[in-house]
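Trainee: I am new to this structure and would like a close look at a single part of it. Could you take me slowly through one pocket and the elements around it?

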Amino acid sequence: MFVHTSPSGRTLLLLYVDDMIITGDDSEYIAFVKARLRDQFLMTDLGPLRYFLGIEVSSTSDGFYISQEKYIQDLFARAALEDERTVETPMELNVKLQPTDGDPLPDPTHYRHLVGSLVYLAVTHPDISYPVHILSQFVCAPNIVHYSHLLRVLRYLRGTITRRLFFPRPSSLQLQCYSDATWASDPSDRRSLSAYCVFLGGSLIAWKTKK
């Protein structure tokens, strides 16, 4: 990531991996930067941002939407779910998973791959932040009970695949933060679990669940 300030004092943000995102509120300076880059490198301007690293972006007159619908569909294919069931919540209330809940999985690789994909999916789905955090604690030695809860998260995503995060254009710059915590809720080590989310105006910009 590279942050630069234009001569007019406006900030320009460049995000790059194999592709590059250029964003800012000074359209003339963005055009200038793209021209300079084109002078130095072989590059193609793909136009307005629509898809980047599995994240879909759509723009309307009201604001921006981000989602990972295609990513979720690919995840279903890799998970090889054989039914079309959906559930209302990603995890049952008051579930306390433990390392000794059931028989170990013969091959934990599949579990690890799916949990890793869910960790990335939580970038646009704060509603799965908590169950993904719980399931990720068992990637070293998952068992059949952990896997059943993993499948529940996938079934929840099947029923909510069209949900998106919305960032309205007219929005205040007021920060609002919400947090909560359990007290010694983990049955294996009695540690607590905390979580928070941060809004900038009407936009949810940060969230995390942590043991």
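Mentor: What follows is a walk around the second largest pocket, one helix beside it, and then the cysteines. The model is predicted, with local features needing pLDDT of at least 70 and side-chain atom pairs counting only at pLDDT 80 or more, while totals for chains, interfaces and linings use all residues. Residues are numbered from 1 along each chain as its sequence is written, and side-chain values use heavy atoms, with hydrogens and water left out.

A pocket here is an open set of points on a 1 Å grid over the protein atoms alone, where a 1.4 Å probe fits and protein lies on both sides within 12 Å along at least five of seven lines; its lining residues have an atom within 4 Å of a point. The volume is the space filled by probe spheres set on the points, which are joined across faces, edges and corners, and for the second largest pocket it comes to about 550 Å³.

Around this space stand 26 lining residues, and those nearest the centre are Y130, I134, T182, S185 and L193. Sorted by class, the lining holds twelve nonpolar, eight polar and six charged residues, where Ala, Val, Leu, Ile, Met, Phe, Trp, Tyr, Cys and Pro count as nonpolar, Asp, Glu, Lys and Arg as charged, and the others, Gly among them, as polar. At least two lining residues come from each of α4 (129–136), β8 (175–181) and β9 (194–200); these labels are DSSP runs numbered from the N terminus, helices being H or I with at least four residues and strands E with at least two.

Helix α4 deserves a second look, since six of its eight residues are buried, a word that means under 20% relative accessible area, with exposed meaning over 50% and partly exposed in between (1.4 Å probe, protein chains only). The buried residues are S129, P131, V132, H133, I134 and L135, and their cover includes α3 (109–121), α5 and β10 (203–210). Within helix α5 (residues 144–159) we find R158, which counts as buried because its relative accessibility is 15%. Apart from neighbours within four places in sequence, R158 is in contact (heavy atoms within 4.5 Å) with F76, L81, D83, E84, R85 and T86.

As for the cysteines, a disulfide is a pair of cysteine sulfur atoms within 2.5 Å, and by this rule the count is zero. C197 is in no disulfide, the nearest cysteine sulfur being that of C177 at 8.2 Å. C197 counts as partly exposed because its relative accessible area is 21%, whereas C140, at 70% relative accessibility, counts as exposed.
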